[in-house]
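Please open the structure in your viewer and keep the sequence beside it. The tour below moves from the whole chain to single residues, with something to select at each stop.

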Amino acid sequence: MLENEDQPIREMPLCMETIQRLAMFGITFKIEFYAAGFQTEIHIRPDDIPRFLDHAPLFVASYFGVTLEQYYDWLETDGYPRCSARIGTDRPCKRPVLGVQCGPKEWALRDGGLCEFHRH
Ligand SMILES: [Zn+2]
């Protein structure tokens, strides 16, 4: 769902009046997903639904306070920040900086740090 691969769904017309009417009856909108060791729930205000549907990954990255690239890298590394030390002929080490998975914001702060091996 968060990969924006459902092009036909993106092209369906969006009726904001219906969304606003549902919201008036107390119906809420929530994204739930599991990624990189974290269960996430994001409540979406009705006014934000077009922005979410336009580019879900960008919306989620913004919610987490990270860039789109950081969000994708967080997913790709399964939440483990990568070591930036150089090994051999300028190849990045990329071993995990921590032994635990981080949420996107903490991941972004710690990615590029040093692994246990390169700290000492
Ligand atoms: Zn390292």
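Two residues are taken to be in contact if their C-beta atoms, placed from the backbone, lie within 7 Å. With that in mind, and remembering that this is a predicted model, begin with the whole chain: among contacts between residues at least 6 apart in sequence, 48% join residues at least 24 apart.

**The whole chain**

Show the C-alpha trace and turn it along its principal axes, where it spans about 60 × 25 × 20 Å. The radius of gyration of the chain is 18 Å, whereas a compact globule of 120 residues would have one near 14 Å. If you colour by burial, you will find that buried residues make up 15% of the 120 residues in the chain. Colouring by secondary structure instead brings out seven helices and four strands, which follow one another along the sequence in the pattern α-α-β-β-α-α-α-β-β-α-α.

**The hairpin of β1 and β2**

Next select residues 29-35, which form strand β1, together with residues 38-44, which form strand β2; the two strands run antiparallel and are joined by seven bridges. Within this pairing, K30 stands opposite H43 of β2. Two residues lie between the strands of the hairpin, and A36 takes a positive phi near 50 degrees.

Stay with β1 and pick out F33, which is found in this strand. Is F33 buried, exposed or partly exposed? F33 has 13 other C-beta atoms within 10 Å, and because exposed residues have 12 or fewer and buried ones 20 or more, F33 is partly exposed.

**Helix α4 and its neighbours**

Move on to residues 56-64, helix α4, in which F59, V60 and A61 are buried. The buried residues of α4 pack against β2, against α3 (49-54) and against α5. Just after α4, select G65, which takes a positive phi of about 80 degrees.

Now add α5, residues 68-76, and look at how the two helices meet. Their axes come within 9 Å and cross at roughly 95 degrees, and α4 and α5 are therefore roughly perpendicular to each other. The contact is made by P57, L58, V60, A61 and F64 on the α4 side and by L68, Q70 and Y71 on the α5 side.

**The largest nonpolar core**

Which residues make up the largest nonpolar core? Select F59, V60, A61, V66, Y71, W74, C102, W107 and A108, which are its nine residues. At least two of them come from each of α4, α5 and α6 (104-110), and α4 gives the most, with three residues. In soluble globular proteins, nonpolar side chains tend to be buried together.

Within this core, centre the view on C102 and leave aside its neighbours within four places in sequence: C102 is then in contact with G79, P81, W107 and R110.

**From M16 across the model**

For the last stop, select M16, which is found in helix α2, residues 16-24. With 11 C-beta neighbours inside 10 Å, M16 counts as exposed, because 12 or fewer is the cut-off for that class. Draw a line from the C-alpha atom of M16 to that of F33, and you will find them separated by 24 Å, although the two residues are 17 apart along the chain. A second line, from M16 to H118, joins residues that are 102 apart in sequence and 53 Å apart in space, C-alpha to C-alpha.

Methods:
Residues are numbered from 1 along each chain as its sequence is written. This is a predicted model: local features need pLDDT of at least 70, side-chain atom pairs count only at pLDDT 80 or more; totals for chains, interfaces and linings use all residues. Two strands pair if DSSP finds at least two bridges between them. A nonpolar core is a set of buried Ala, Val, Leu, Ile, Met, Phe, Trp, Tyr and Cys residues joined through C-beta atoms within 7 Å. The radius of gyration is taken over C-alpha atoms; the globule rule is 2.2 Å times the number of residues to the power 0.38. Axes are lines fitted to C-alpha atoms, for helices over the stretch in contact, and angles run from 0 to 180 degrees between N-to-C directions. Angles under 35 degrees count as roughly parallel, over 145 as roughly antiparallel, 65 to 115 as roughly perpendicular and the rest as oblique.
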